[in-house]
Every structure is written in structure tokens, then in C-alpha cells.
Amino acid sequence: MIEIRINSVERKRIEALHKEYTKKVIAGRLEKILGDKTGVQNKGKVLYFLQELFGYTERDREKQLVYFCISDELEKIIGIFEKRFFDSFGFQFRDAKNEEQKATAEDIAYILNRIFYYDGFNAGSRIAGQDGEKHVWNRHRYVVATKVKVCPYCNRQYITSYESKDGTEKTTADVDHYYPQSAYPYLQMNIYNMIPSCNICNSKTKGSKDERHLNPYKDSSDSLLFEVLLDNIDMMYSSEIERIAVNSRGNPKAIASNEVFKLDEIYQAHIEDVKRLFFHIKEYEAFKEDYYMKTMGLDMGNIFSLWFDFLNDSPLEKPLVKLKRDVFKQLETYCGIYK
Ligand SMILES: [Zn+2]
């Protein structure tokens with residue numbers, strides 16, 4: 001898992017655009033539903049709940065919706081929702097026991113999906129930016145704004161945004177809802193619950209699993225480390241490295257990341273990259289004896305930056321950077337490689 005760090009200027013810009021979208025689009029949907037007298041079961045109770053949750057005046061509701069969509073206090077939002085839901089209906093939203101409770105939870109989920117309506121964010125809307133100009137704000141623009149170019153969950157797949165010939169915006173990125181939409185429908189439009197990711201991590205491995213794995217917006221990239229198992233330094237010079245191990249460092253979220261995204265399994269496909277890294281370290285050590293420098297006219301610094309270029313790369317821009325860095329760091333302590 002790679003931590004996504006957005007600088008404060010860009011973060012403010014994203015939050016401002018998303019705030020405008022929430023006020024213009026999402027708040028409008030809530031008001032429409034509150035004013036609509038048809039089409040909702042148990043209307044009285046649902047209306048009461050929506051007002052308890054979001055507020056009794058239009059202004060309060062707008063403010064609360066903005067909080068639900070741009071705050072990074074996801075656990076706090078969950079706490080607010082669950083308390084209001086329990087107070088209104090007498091059971092936990094995610095723990096409906098009988099048919100009646102299930103029907104109520106489904107009604108509420110249906111209403112929340114209509115209000116937040118993540119699918120509508122694909123097309124987005126034109127909204128006013130801080131510069132006074134109108135900007136298109138949609139899923140594509142959001143992914144571009146995060147500057148994430150490689151999946152933060154696996155660090156294997158590129159996610160690329162581009163404009164097609166007809167001018168429509170395309171992205172090969174999925175957006176993973178850290179807290180899945182099905183269990184937390186009120187967080188489906190929260191920007192810090194939307195993690196740009198590859199399709200394999202989002203759909204094939206994670207699916208709708210509700211696990212507290214590492215969160216790229218909250219957790220450090222070092223929460224989980226790739227390593228090779230070495231009994232002694234001699235192993236480094238043999239070609240017997242057979243397995244890349246995932247060290248979860250006893251962190252339950254890292255253990256969950258490893259399980260949800262199948263890191264331990266999929267990373268075995270990259271054993272050759274690790275062997276090449278070993279080879280380069282070994283050769284680099286030999287070059288200290290200088291015959292290669294003389295023959296090629298290269299200096300050690302050049303060779304170092306050529307072979308160990310990943311030390312300067314961002315793992316959010318290039319695949320496998322984390323694997324190479326972690327293993328390099330591990331070996332550094334074994335063989336004391338230096339520039
Ligand atoms: Zn991925």
C-alpha cells in the first residue's frame with residue numbers, strides 16, 4: 001500500500017470543488033426528496049430520520065452534507081450516522097435481524113443512494129471554482145487531481161487518464177470506496193473514501209469486502225514491507241531466492257491488506273525483478289574494484305543512479321517501486337552498499 005499525500009494547496013482546491021458540487025448537486029437532491037410526498041415507504045419515519053441526520057433547516061442540511069462529503073473524519077461520520085439511525089429505528093443499520101428491519105435498512109439505503117448518487121459523479125457537473133471560473137468536476141477530474149498514476153493498493157498497475165478524440169475524458173482508474181457503498185451508502189461521495197485504484201484491486205480482489213485494510217489517505221507506506229527471507233549474507237549471492245515475503249509488522253490493517261489484495265500471491269510474479277536487483281547489488285560491489293569504471297568510462301554515481309533509479313522514483317508514478325525499495329533497504333543492512 002502506498003500513502004497518497006496531496007499537498008495542502010491542491011487539497012484545498014479539491015475540497016473547494018467538491019464542496020460546491022455537494023451544495024449544488026447533492027443538497028438539491030435531498031431537498032427534492034424531503035419535498036416529495038410520494039414514492040417513499042414509511043414516509044413520516046424516513047423524513048424524521050433524514051432531518052435528525054442532516055438537520056431541520058436547509059442551511060443546516062447543506063452544511064452537514066458538505067461535512068459528509070469532504071471531511072476526512074470517516075469514523076466520526078459513521079458514528080454520527082449509526083447513532084442517529086439507532087435512535088430513530090431501534091437497531092443497527094448494518095445489523096438488520098428480521099424482515100421488517102431489513103426492509104427499513106433497504107429503504108434508507110435506497111434514499112441515501114438517491115441523494116448521494118455516486119454514479120452521477122461520472123458525468124459530474126460544471127461548478128464555480130475559487131478563481132471564479134466554472135470548472136467541470138467529476139470522477140475523472142478528481143482522479144487527475146490526486147496525481148495518482150499507479151494503483152496505491154498493489155503498486156503494480158498504471159492508472160491512466162486521458163482525453164479521447166471526441167474530447168470525452170477517460171480514465172483507466174477505478175475508484176475504490178474504502179468503506180464499501182453497500183454498507184456505508186452515506187460515504188459514497190466522500191472524497192477521502194474514494195481511493196483511485198486499478199480495476200483488479202477494486203473489483204477482482206476486494207469486491208464488496210468490508211475489511212479495515214490499510215488506507216492510502218491515512219496510513220504510512222511503511223506499514224507493510226516486502227522482503228526476501230535470508231538466513232545469512234551468502235544467500236544474497238546465490239540465486240536461490242524463491243519467494244517474496246510480505247511483512248505485515250504485526251499490524252492488523254496490514255494483515256488485512258495482504259489478504260484482501262492477495263499481495264503475498266501476486267507478488268511472486270515479480271521474483272525476477274528481485275533477482276535482477278540482487279544481481280545489480282552484487283555487480284555494484286564488484287565495480288568498487290573499478291575495472292568496469294575504466295572500461296566504460298562511467299563513474300560509480302552514474303552506475304548507482306542507473307541501476308537503483310527506483311530510489312528516486314515515486315511509487316505513485318511507477319509500478320514496483322515499493323518492492324524494489326523495500327528489498328534494497330533490507331539488503332542495505334546486510335551488505336552496506338553505498339554510493
Ligand atoms: Zn491495484
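Trainee: Into which domains is the protein chain divided?

Mentor: This is a predicted model, and its chain is split into domain 1 (1–218) and domain 2 (221–335). The C-alpha centres of the two domains lie 37 Å apart.

Trainee: What makes domain 1 and domain 2 count as being in contact?

Mentor: Two residues are in contact when their C-beta atoms lie within 7 Å. By that test, 22 residues of domain 1 are in contact with 19 residues of domain 2. On the side of domain 1 that touches domain 2, you will find 11 nonpolar, 4 polar and 7 charged residues.

Trainee: How much confidence does the predictor give the protein chain?

Mentor: The mean pLDDT is 89, and 91% of the residues reach 70 or more. Among the elements, helix α3 (residues 58–70) has the highest mean, 98, while helix α12 (residues 291–296) has the lowest, 59. As an overview, the chain has 14 helices and 8 strands, and its C-alpha atoms fill a box of roughly 85 × 50 × 30 Å along the principal axes.

Trainee: Let's go to a single residue. Why is E3 called partly exposed?

Mentor: A residue needs 20 or more C-beta neighbours within 10 Å to be buried, and 12 or fewer to be exposed. E3 has 17 such neighbours, so E3 counts as partly exposed. You will find E3 in the segment before α1.

Trainee: Which residues is E3 in contact with, leaving aside its neighbours within four places in sequence?

Mentor: Those residues are P216, D219, S220 and S221. For V66, which is 63 residues apart from E3 along the chain, the C-alpha separation is 25 Å.

Trainee: Now Y117 and N155. What makes the phi of each worth a look?

Mentor: Most residues other than glycine have a negative phi. Y117 is not a glycine, yet its phi is positive, about 40°. N155 is not a glycine either, and its phi is positive at about 55°.

Trainee: Where do Y117 and N155 lie?

Mentor: Y117 sits in the loop between α5 (99–116) and β1 (125–128). N155 belongs to the loop between α6 (139–146) and β3 (161–163).

Trainee: Why is N155 called buried, and what is Y117 called?

Mentor: Set the counts against the cut-offs. N155 has 23 C-beta neighbours inside 10 Å, which reaches the 20 needed, so N155 is buried. Y117 has 15 other C-beta atoms within 10 Å, which falls between the two cut-offs, so Y117 is partly exposed.

Trainee: How do you know that β1 and β2 are paired strands?

Mentor: Pairing takes at least two bridges. Here 4 bridges join β1 to β2 (residues 134–137), so the two strands pair, and they run antiparallel. One of the partnerships is A128 with K134 in β2. The two strands form a hairpin with 5 residues between them, and G132 in the turn has a positive phi of about 85°.

Trainee: What makes the buried residues of α6 lie on the same side of that helix?

Mentor: The buried residues are R139, H140, Y142, V143 and T146. They cover an arc of only 165° around the axis, and therefore they are on the same side of α6. The elements covering them include α1 (8–35), β3, β4 (169–171), β5 (174–177) and β6 (194–197). After α6 comes K147, with a positive phi near 65°.

Trainee: How do you know that β5 pairs with β6?

Mentor: The same test applies: 4 bridges join β5 to β6, where two are enough, so they pair, and the strands run antiparallel. D174 stands opposite S197 in β6. D174 and D176 point one way from β5, V175 and H177 point the other way, and all are buried.

Trainee: And what puts the buried residues of α9 on the same side?

Mentor: In helix α9 (residues 252–260), the buried residues include A254, S257 and N258. They cover an arc of only 95° around the axis, so they sit on the same side of α9. Among the elements covering the buried residues of α9 are β8 (244–247) and α10 (263–266). Just after α9, K262 has a positive phi of about 55°.

Notes. Residues numbered from 1 in each chain as written. Predicted model: local features only at pLDDT ≥ 70, side-chain atom pairs only at ≥ 80, totals over all residues. pLDDT = per-residue confidence, 0-100. Domains from an automatic or database assignment. Nonpolar A, V, L, I, M, F, W, Y, C, P; charged D, E, K, R; others polar. Arc of directions from axis to C-beta.
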